[in-house]
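Q: I have a structure open here and would like to go through it with you piece by piece. Could you keep to what can be read from the coordinates?

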Amino acid sequence: MPVQGTPDQFVGILRDTIVALVRRDGPDLSARQLGVFLTVYLGEGPHTVRGLAASLNVSKPAITRALDRLGELDFARRKTDPQDRRSVLVQRTVKGAALLREMRTIMGEAAASSDETKEASATAQAVSNVMPAKRAG
């Protein structure tokens, strides 16, 4: 089901989501860390450092630094690929899955709030179109 809204509404939902994440207890993720995290959790795996770097169009060292932080927080872990010991696989964790659920809830609440604001604005606009204009006088 396609999501409907304007770019301004989507940016507002993103803002509300990020503010809620910053206000909650727990660590904050940088934009790069969040991008890596979401790519790992929402994309088909298995994920490798090389594959994440290519997917996000950033360097392998940048991915490694993001994964270092995600690993410290137990949101992702790295494991040597048993098929190719030169390659490192990025794995999801239970704590990371819980963060994703929390993010979905927060974003859903932000979207619902945006829908309520949109409906109130539409109602106000409809009422103003129906009300006769006051004459100066």
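Q: Where is Asn57 found?
A: Asn57 lies in the loop between H3 and H4, and please keep in mind throughout that this is a predicted model.

Q: And what about its backbone, what is phi there?
A: Asn57 has a positive phi of about 60 degrees, although it is not a glycine.

Q: Is Asn57 buried or exposed?
A: Asn57 counts as exposed, because its relative accessibility is 70% and the cut-off for that class is over 50%.

Q: Which other residue has a positive phi although it is not a glycine?
A: Asp74 is such a residue, with a phi of about 65 degrees, and its place is in the loop between H4 and S2. With a relative accessible area of 32%, Asp74 is partly exposed, since that value falls between the limits of 20% for buried and 50% for exposed.

Q: Staying with loops, which peptide bond is cis?
A: The bond from Gly45 to Pro46 is cis, with omega near 0 degrees, and Pro46 sits in the loop between H2 and S1.

Q: Back to the helices on either side of Asn57: at what angle do H3 and H4 pack?
A: Their axes make an angle of about 110 degrees and are 9 Å apart, which means that H3 is roughly perpendicular to H4, as angles from 65 to 115 degrees are classed that way.

Q: Is that crossing left-handed or right-handed?
A: The crossing of H3 and H4 is right-handed.

Q: Which residues meet there?
A: From H3 the residues are Val49, Arg50, Leu52, Ala53 and Leu56, and they meet Lys60, Ile63, Thr64 and Leu67 in H4.

Q: Now the interior: which residues of the largest nonpolar core touch the most other members?
A: That core has 21 residues, and those touching the most other members are Val36, Phe37, Leu52, Ile63, Leu67 and Leu70. At least two residues of this core come from each of helix H2 (31-42), helix H3 (49-56), helix H4 (60-72) and helix H5 (94-130), and H2 gives the most, with five residues.

Q: Take Val36, then; what does it touch?
A: Leaving out residues up to four places away in sequence, Val36 touches Leu52, Leu56, Ile63, Ala66, Leu67 and Leu70.

Q: Switching to the strands, what is the order in the sheet?
A: The sheet is open and has three strands in the order S1-S3-S2, with antiparallel pairing. Strand S1 (47-48) and S2 are the edge strands, each of them pairing on one side only.

Q: How many bridges join S1 to S3?
A: Two bridges join S1 to strand S3 (residues 88-92), and the two strands run antiparallel; within this part of the sheet, Thr48 stands opposite Leu89 in S3.

Q: And S2, where does Ala76 come in?
A: Ala76 belongs to strand S2, which covers residues 76-80. Ala76 is buried, because its relative accessible area is 6% and the limit for that class is under 20%.

Q: What is Ala76 in contact with?
A: Setting aside neighbours within four places in sequence, Ala76 is in contact with Leu70, Gly71, Val90, Gln91 and Thr93.

Q: One last thing, how are Ala76 and Tyr41 separated?
A: Along the chain Ala76 and Tyr41 are 35 residues apart, while their C-alpha atoms are separated by 9.2 Å.

Conventions
Residues numbered from 1 in each chain as written. Predicted model: local features only at pLDDT ≥ 70, side-chain atom pairs only at ≥ 80, totals over all residues. Heavy atoms only, no water. Helix = DSSP H or I, 4+ residues; strand = E, 2+ residues; numbered from the N terminus. Buried < 20%, exposed > 50% of the residue type's maximum accessible area, 1.4 Å probe, protein only. Contact = heavy atoms within 4.5 Å. Pairing = 2+ DSSP bridges. Core = buried A, V, L, I, M, F, W, Y, C linked by side-chain atoms within 4.5 Å. Axes fitted to C-alpha atoms, helices over the stretch in contact; angles between N-to-C directions. Parallel < 35°, antiparallel > 145°, perpendicular 65-115°, else oblique. Left-handed = near helix turned anticlockwise from the far one by under 90°.
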